[in-house]
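Got your viewer open? Let's take a walk through this one, stop by stop.

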Amino acid sequence: MVPLLIGMVETRILSSPSLRCEESNKIKQDIYDYGLTQYCLLVLKQDHSQLHGAWATAAQLAEILSHCCVGLEVKEDPEEFYKTFLPSAIDSLLVLGKRLQARFIRAIKEKEKQDFLHWFQIVTDAICWLFGGHIQLAACVLQNDRFLQLLITDDVETAIIMMSVLHNILRINSSILLHVEEETLHSVLDELVYKLSSTTNPAVGSAATKLLLLVAKHCKQIVQLFTARYKGLKGLLSKHWTGKGFDREVNQLLDLLYLEQSSGKGGMQKQHQAACIIQAAWRGFQTRKRLKKLPQAVITLQRSFRAKREQELQHLTKQKEDEALKLQMQLQRQRAMRLFHERQLALLEVVHASQVNKYMQEVEEKSALTIQRFWRGYRARRLFHQQKQSLKEYKAAVIIQRAACKFLEKRRRRRPLSPWKEPKGLTDEQRLALQQKVDDYIKLHPAPQMSEERSKELHMQAQSKLAQFLLRSRLDQRAAQRREALLVQVNTDVELLMNAPGLAETTEKDLGAFMSRSIPVATKARQTHNTMLKYSRWPWWKKLGDEFMEDDVIPDDAINTELETLFIGGRKQF
């Protein structure tokens, strides 16, 4: 709806040759009566940063709203229009100008900065047009806090535009500064003098000098404020702003200040001048301090930007490499599958028709065995890695327990022996009572009578069982020692395998750790190696059924035929 409103108003009002014609006034009256101006006011208060091209639309709406409000004669309830609607419109335009100024300062690209500056200029022109048509709004603009926020800025372009707005206000009503609050007046004058003392830009200096001259010409009371509040203004103008291209305005302002100074007291001049010098020095110090921080902030921003850009480039490079690797793996998989099918078809052509089913069954069995072998290896490796941490924890617990036992044993040995205390003897009465209890128990439980032959037989049985127990315990002890030795050997082999270096880093000393000193084992390894060499030299027809086996796997039948009578000895224990 907003673009339709903009097109209609631009066609019927802005393109009209005269804004005071009856047709234009009739259209403005209809727009106000239908509530379109209130709608524009609500739209201007919204945040336009989320919509594409909304800042340009907001600037055009501000221009249209100002043109619609100027020359409008409200007949129904004019008090609401002049006292409520127009101040609200001024406030909304100042809010929009503040947002555009902030966007312009934060913008980085030159095109974007020019766009925001152009829209800011449109909004400020709309404000000037609005208080130009309604003079009472000049005081409203000057006393608004947002106007002071727009004026108090270090940016050159927007500062010059805002000083032009202030110049228009003083041109329309030159005595307005005498009717505003003292705090507002001091804030405006302080900012103008600060701009003269903190910048070297001729455009800013010329605009500030012209404003001060305009104020001094039309408000004689403010000249006294100049001489009393800004004692160093004359020295600042004569030293820093002479010969900058606007000497006529500078000389006129200096004449007014010297004229006012000659009529005042000469004793107060030095004090005010000293205060002004202190203020200028303090403001210069603050300005230099702020300027010194700017390079560090720029360096930090550049560093973060470069780091982010490097991270993005690394991410893109890694993504491209992953995609290339994925494509290469897919191509290799397709080639392997195609080669597999070609070899399978070639083998089917060679094999006799009656042996096809048998051959296919053997291929399936070998494939199943290969899959099972790989799966068991994967599962064993995974369990080994899982048990590795448990083994470390177990060894650590054993070490801690051993240390704790040694510590407790040392403390137990250091503990002094308590002196022997002889037990107290029984009295005669206690001895008689215990003897009576023993006699009563023997009477109630008489011992069974056993012959001498039965006693000897039981004794022989006990002796034989004791001998068997001792023999079995000795065998169990030897078996336990053998198991412990085997476990130590397995752990040693595991540690050697885990700590073994790569093939590129292997030396002769490392090879000695994996070579067996047992002659049968070395003989078997040598014969196995010879068998592998013979197998690799077999003709193709003899290896017809081994196409789907791995290159380093030799059939068990071939090894068994070569090593059928070989004696496999055990490993020598050290």
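What follows is a short tour, from the whole chain down to single side chains.

**The whole thing.** Keep in mind that this is a predicted model. Switch to cartoon and look at the secondary structure: you have 21 helices and 0 strands in front of you. Now colour by burial. Of the 574 residues, 26% count as buried. Turn on the surface next: about 41500 Å² is accessible, and carbon and sulfur atoms account for 57% of that. If you like contact maps, take the pairs at least 6 apart in sequence; 73% of those contacts join residues at least 24 apart.

**The cores.** Select L130, F147, L166, F226 and L237. These are the residues with the most contacts inside the largest nonpolar core, which has 80 residues. Then highlight residues 110-133, helix α6: with 11 residues, this helix gives the core its largest share. There is also a second, separate core of 5 residues, and I27, I31, L36 and I64 are among them.

Go back to L237 and show what surrounds this side chain. Beyond four places in sequence, L237 touches L196, T209, T242, V250, L253, L254 and L257.

**A helix pair.** Select 202-218 (α11) and 220-229 (α12). Their axes come within 5 Å and cross at roughly 125°. That angle makes α11 oblique to α12. To see the contact itself, show L212, V215, A216, K217 and H218 on the α11 side, then K220, I222, V223 and F226 on the α12 side. You have met F226 already, in the list of best-connected residues of the largest core.

**A lysine to check.** Jump to K195, in helix α10 (residues 182-198). Is K195 buried or exposed? K195 counts as buried, because its relative accessibility is 4%, under the 20% cut-off. Show its surroundings and you'll find L151, T153, A159, M163 and V204 touching K195, once residues up to four places away in sequence are set aside.

**An asparagine in a loop.** Last stop: N144, in the loop between α7 (137-143) and α8 (145-151). N144 is buried too, with a relative accessible area of 12%. Which side chain makes a polar contact with the side chain of N144? Pick D91 and draw the distance: 3.3 Å. Leaving out neighbours within four places in sequence, N144 is in contact with D91 and L94, so show L94 as well to complete the view.

Definitions and conventions:
Residues are numbered from 1 along each chain as its sequence is written. This is a predicted model: local features need pLDDT of at least 70, side-chain atom pairs count only at pLDDT 80 or more; totals for chains, interfaces and linings use all residues. Side-chain values use heavy atoms; hydrogens and water are left out. A nonpolar core is a set of buried Ala, Val, Leu, Ile, Met, Phe, Trp, Tyr and Cys residues joined through side-chain atoms within 4.5 Å. Buried means under 20% relative accessible area, exposed over 50%, partly exposed in between (1.4 Å probe, protein chains only). Helices (H or I, at least four residues) and strands (E, at least two) are DSSP runs, numbered from the N terminus. Contact means heavy atoms within 4.5 Å. Accessible areas come from the Shrake-Rupley method with a 1.4 Å probe; for residues, only the protein chains shown count as cover. A polar contact is a pair of N or O atoms within 3.5 Å; within protein, one must be able to donate a hydrogen and the other to accept it, and residues adjacent in sequence count only if both atoms are side-chain atoms. Axes are lines fitted to C-alpha atoms, for helices over the stretch in contact, and angles run from 0 to 180 degrees between N-to-C directions. Angles under 35 degrees count as roughly parallel, over 145 as roughly antiparallel, 65 to 115 as roughly perpendicular and the rest as oblique.
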